[in-house]
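Thanks for making time this morning. I would like to walk you through one model, going from a single helix to the contact between chains and then to the core.

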Amino acid sequence: MKVSELVKELDLVVFSGAEGLKREITGGYVSDLLSDVMGNSTEGDVWITLQTHRNVVAIASLKELACVLLVSSLAPEQNTAEHSNKEGIPVLGTTLSTFEIAGLLYQKIKSAK
Amino acid sequence: MIELRFILEGGDFDRAGTASSETKKILKQLNIDPRVIKHTVVALYEAEVNIAAHAYRGEVTITVSDHQIVAVLKDEGPGIADIKRAMLEGFSTASPKVREMGFGAGMGLPNMKKNADVLEVESTPGSGTTVKMIFDF
């Protein structure tokens, strides 16, 4: 499944990094602890978080994650969005809580496999 | 043999990750095993963040030779009083502000240990810390 398909299916907002919408999704990771994501996420994951600062994109890019998905109507900080455009890593948003969106993402990924 | 150098400023989280990102690009160009690149990037990023979170300034030197990558991060800062304790999962002396950003969970040094083939930490309290990591391939 591509990030663009997930955006359509879960009605997500694309804040930045639209160039990366063609990236392929292979899994998901939910965490607000950056070292946890750095140590334990996998390439191709959708990273669900409430952290909105620039380092989120730095980590997503270093770990080659598919995209960042911000929960509960949060929006990225300006330099986060700028860095996301530069790196081509989409930063997406949802009004749903972490629990709800993680459940939906899990179903989508499972049914796509 | 290739040598890369980066200067880091304490407290500058916006630039944290730059050395890791630049190093990753070079390692890819050198066709280093992607698994080795992944390990190097995780450990180097954590070490960079530690300097941003704790030190005043630091210098990173990356040396790539035929069979290994050596990363040395030397900082001027408060140093680490008890290295053994600092290595423990969950132990952190990070400020509340740093923790709010999602850092300072006491996972940095353990992540570095897991990903590097060799990790050496030397510190003089009141003066600074030097971290050396080796990644074999």
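**Helix 1 of chain B and its surroundings**

Let me begin with helix 1 of chain B, residues 18-29: at 1.5 Å a residue its 12 residues should span 16 Å, and its end C-alpha atoms are 17 Å apart, which agrees. I should say at once that this is a predicted model.

Which residues of this helix are buried? In helix 1 of chain B they are B:Ala19, B:Ser20, B:Thr23, B:Lys24 and B:Leu27. Because these residues cover an arc of only 130° around the axis, they fall on the same side of helix 1 of chain B. The face turned away from that buried side carries the exposed residues B:Lys25, B:Lys28 and B:Gln29.

As for what covers the buried residues of helix 1 of chain B, the cover includes strand 1 (2-9), helix 2 (34-54) and strand 2 (57-64) of chain B, together with helix 3 (55-62) of chain A. Just after helix 1 of chain B, B:Asn31 takes a positive phi of about 60°.

That brings us to the contact between the chains, where 19 residues of chain B are in contact with 15 residues of chain A. On the side of chain B that touches chain A, helix 1, helix 2 and helix 5 (108-115) of chain B each supply at least two residues, and the largest share, four residues, comes from helix 2 of chain B. By residue type, this side of chain B divides into nine nonpolar, six polar and four charged residues.

From chain A, I would pick out A:Met38, which lies in helix 2 (residues 34-40) of chain A. Is A:Met38 buried or exposed? A:Met38 is buried, because 27 other C-beta atoms lie within 10 Å, where 20 or more are needed for a residue to count as buried. Not counting residues up to four places away in sequence, A:Met38 touches A:Ile59 and A:Lys63, and also B:Val42, B:Tyr45, B:Glu46 and B:Asn111.

Finally, the core. The largest nonpolar core has 62 residues, of which A:Cys67, A:Val68 and A:Leu69 touch the most other members, while helix 2 of chain B gives the most to this core, with 11 residues. Leaving aside neighbours within four places in sequence, A:Leu69 is in contact with A:Leu12, A:Val46, A:Trp47, A:Ile48, A:Leu92, A:Thr94 and A:Ile101. The C-alpha atoms of A:Met38 and A:Leu69, 31 residues apart along the chain, are separated by 16 Å.

Terms used
Residues are numbered from 1 along each chain as its sequence is written. Chains are lettered from A and ligands numbered from 1 in the order in which they are written. This is a predicted model: local features need pLDDT of at least 70, side-chain atom pairs count only at pLDDT 80 or more; totals for chains, interfaces and linings use all residues. The expected span of a helix is 1.5 Å times one less than its number of residues. A residue is buried if 20 or more other C-beta atoms lie within 10 Å of its own, exposed if 12 or fewer, and partly exposed in between; C-beta atoms are placed from the backbone. The arc is that of the directions from the helix axis to the C-beta atoms. Two residues are in contact if their C-beta atoms, placed from the backbone, lie within 7 Å. A nonpolar core is a set of buried Ala, Val, Leu, Ile, Met, Phe, Trp, Tyr and Cys residues joined through C-beta atoms within 7 Å. Ala, Val, Leu, Ile, Met, Phe, Trp, Tyr, Cys and Pro count as nonpolar, Asp, Glu, Lys and Arg as charged, and the others, Gly among them, as polar.
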